[in-house]
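Work through the exercises below with the sequence and the coordinates open. Each task is followed by a solution in steps.

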Amino acid sequence: MQESIQYKIFKVFNVFILLVIVFCTLYPFLNVVAQSFSSEAYISAGEVNLIPKGFNIETYKTVIEDRMFWINYKNTVVYTVVGTAISMFFTTIFAYALSKRRLVGRRFLTLFAVFTMFFNGGLIPNYLLINNLGFHNTIWAIVIPGAISIYNMLIMKSFFENMPDELEEAAAMDGMNTYGILLKIVLPLSKAVMATMVLFYAVGHWNSWFPAFLYLDQKDLFPVTIYLRNMIAGATGGAATGATSADNLIQISANIKSVTMVLTILPILTVYPFVQKYFVSGVMLGSVK
C-alpha cells in the first residue's frame, strides 16, 4: 500500500523530533566526557562543549594510580553482585507468592508491602537496628536493608499474574511441586522481566553511597562512590586525595566531578547493551493492567 503524503510528512517530523531528543539526552554526557579530558583553564572559562580542549589526563592518572581506588572499585563490584543476587532471590519468591490468589492473607501482605513504600522507621532507628544486628562495617549493612524494592516486586507480581494458569496446572498434574514449577516453568518464561529487574537492582547498588557512608568506617570497605565523593570533597576543599603535588590540585579540582562521573558510569554502560533488548518488553509485560 502506497504511503500518503501526510504520512510521509509525519515520519519525517517524527524522525526529526526523535533526533532532537537523542541529542538533548546525549549532550550532557558528552560534555562531561569532554570536560574530563580538558585542562583547567578551558573548563573555568566555560569553553568546553563536545570536544576536549587542552587535552590532559592528570586527574585520571591521580585516581587510577591510587591503590585504594581499585580496592574500593572491587568492593563496589562485590556489593553489586551480591546485593543484586539477594534482591532478585527475595523479590522473586515474594512476588511469586503474592501472585497466587489462593494465598491466605494475600491482600494484607500486599497492602503491608505497599505501606512500606511510603512510611519507614526513619534514619536513627535504622542506624540503631543495623548496629544491634551486628552489621556495622560489614557487607550486610549494604545489601540487606534494601534487599526488596516494593516497586520492582509489584512489577514482577503483575507479570506472574498474567501468565496462563494452564501451564502451572499441567506441570502440577505431572507431579511437579511449587518450587519445581517456579524454577523450571515460570522463571524460564520470565527472562524479560528478570533481566529488567537485574538491571534496576544492579544500577541501584552500583550508584548507592549513602548506606556505606552511614554504616562503614573502614576505608578498605568503602565502595568506589564513597572514594570518589571523598576525592571531590578533598579537591574542592583544598586537599586532593591522592594528589602527588600541589601543582596537580588546581587541575584535579577543575574536572574531578567529570572524571568521577565517567569512571562511575562506565561499567553500567558496558553491561546495559546486553540487557537492553529485554528492558522495554520486561517493563511493559509486567506493568499493571
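**Exercise 1. Place Ser 258 and list its surroundings.**

Task: Where is Ser 258, is Ser 258 buried or exposed, and which residues is Ser 258 in contact with?

Solution. The model is a predicted one.
Step 1: Ser 258 belongs to helix α14, which covers residues 247–285.
Step 2: The relative accessibility of Ser 258 is 4%. Buried means under 20%, so Ser 258 counts as buried.
Step 3: With neighbours within four places in sequence left aside, the contacts of Ser 258 are Val 32, Gln 35 and Ser 36.
Step 4: One of these contacts can be specified further: the side chains of Ser 258 and Gln 35 make a polar contact at 3.4 Å.

**Exercise 2. Classify two aromatic pairs.**

Task: The structure holds 18 aromatic pairs. Assign a geometry to Phe 23 and Tyr 27, and then to Tyr 96 and Phe 160.

Solution.
Step 1: For Phe 23 and Tyr 27, the ring centres are 5.8 Å apart and the planes stand at 40 degrees. Planes under 30 degrees apart count as stacked and over 60 as edge-to-face, so this pair is tilted.
Step 2: Both residues sit in helix α1 (residues 5–36), with a spacing of four residues, about one turn of the helix. Tyr 27 is partly exposed, at 29% relative accessibility.
Step 3: For Tyr 96 and Phe 160, the centre-to-centre distance is 5.8 Å and the angle between the planes is 85 degrees, an edge-to-face pair.
Step 4: This second pair links distant parts of the chain, since Tyr 96 lies in helix α4 (residues 67–98) and Phe 160 in helix α8 (residues 150–161), 64 residues apart.
Step 5: Tyr 96 is buried at 6% relative accessibility, and Phe 160 is buried at 3%.

**Exercise 3. Name the members of a ring cluster.**

Task: Which residues are linked into a cluster by ring pairs?

Solution. The members are Phe 69, Trp 70, Tyr 73, Trp 206 and Tyr 227.

**Exercise 4. Break down the nonpolar surface patch.**

Task: Which residues make the nonpolar surface patch, and which element gives the most to the nonpolar patch?

Solution.
Step 1: The patch has an area of about 670 Å² and is made by Leu 123, Ile 124, Tyr 127, Leu 128, Trp 209, Phe 210 and Phe 213.
Step 2: Two or more residues come from each of α6 (123–132) and α12 (210–215).
Step 3: The most is given by α6, with four residues.
Step 4: Tyr 127 is found in α6. Patch residues need over 30% relative accessible area; Tyr 127, at 31%, is partly exposed.

Key:
Residues are numbered from 1 along each chain as its sequence is written. This is a predicted model: local features need pLDDT of at least 70, side-chain atom pairs count only at pLDDT 80 or more; totals for chains, interfaces and linings use all residues. Side-chain values use heavy atoms; hydrogens and water are left out. Patches are made of residues with over 30% relative accessible area and no salt bridge: like charges are joined within 9 Å, nonpolar side chains (Val, Leu, Ile, Met, Phe, Trp, Tyr) within 5 Å. Accessible areas come from the Shrake-Rupley method with a 1.4 Å probe; for residues, only the protein chains shown count as cover. A salt bridge is a side-chain nitrogen of Lys or Arg within 4 Å of a carboxyl oxygen of Asp or Glu. Buried means under 20% relative accessible area, exposed over 50%, partly exposed in between (1.4 Å probe, protein chains only). A polar contact is a pair of N or O atoms within 3.5 Å; within protein, one must be able to donate a hydrogen and the other to accept it, and residues adjacent in sequence count only if both atoms are side-chain atoms. Contact means heavy atoms within 4.5 Å. Rings of Phe, Tyr and Trp (its six-membered ring) pair if their centres lie within 6.5 Å; planes under 30 degrees apart count as stacked, over 60 as edge-to-face and the rest as tilted.
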